[in-house]
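User: I'm new to reading protein models and would like a close look at one small part. Could you pick a side chain, walk me through what it touches, and then show me how it fits into the whole?

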Amino acid sequence: MSKHTGKALGSDRRVFLKGVVAAGGAATAAAVGAAVVTREGSDGPSTAPPAESNAKGYHVTPHVEAYYRLARF
């Protein structure tokens, strides 16, 4: 049988997990900070009514804008 010397094995695991949590917190803070800067720089969704068009395909409607606004982080 071998004896463990120095730190306990569980201690290394705790240090690793603390590092993972700290890195996750830093990444979250950076993402939130970037989102705030992006929102402050934008004019926001357009309040003008959509132009009448016979074009087919994707259109940003008030319903879609509401979804995008609620889906932001």
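Analyst: Let's start with threonine 28, whose side chain reaches the backbone oxygen of glycine 24 at 2.9 Å. Keep in mind that this is a predicted model. You'll find threonine 28 in helix 1, which covers residues 9-41. Is threonine 28 buried, exposed or partly exposed? Its relative accessible area is 47%, so threonine 28 counts as partly exposed, because that label is for values between 20% and 50%.

Now zoom out a bit. The protein's secondary structure comes to two helices and zero strands. Helix 2 takes in residues 62-71, and tyrosine 68 sits in it. Tyrosine 68 is partly exposed too, because its relative accessibility is 39%. Together with Tyr58, Val60 and Tyr67, Tyr68 makes a nonpolar surface patch of about 470 Å².

And the whole thing? The protein has 73 residues, and buried ones make up just 3% of them. Its accessible surface comes to about 6900 Å², with 64% of that belonging to carbon and sulfur atoms.

Conventions: Residues are numbered from 1 along each chain as its sequence is written. This is a predicted model: local features need pLDDT of at least 70, side-chain atom pairs count only at pLDDT 80 or more; totals for chains, interfaces and linings use all residues. Side-chain values use heavy atoms; hydrogens and water are left out. Patches are made of residues with over 30% relative accessible area and no salt bridge: like charges are joined within 9 Å, nonpolar side chains (Val, Leu, Ile, Met, Phe, Trp, Tyr) within 5 Å. Accessible areas come from the Shrake-Rupley method with a 1.4 Å probe; for residues, only the protein chains shown count as cover. A salt bridge is a side-chain nitrogen of Lys or Arg within 4 Å of a carboxyl oxygen of Asp or Glu. Helices (H or I, at least four residues) and strands (E, at least two) are DSSP runs, numbered from the N terminus. Buried means under 20% relative accessible area, exposed over 50%, partly exposed in between (1.4 Å probe, protein chains only). A polar contact is a pair of N or O atoms within 3.5 Å; within protein, one must be able to donate a hydrogen and the other to accept it, and residues adjacent in sequence count only if both atoms are side-chain atoms.
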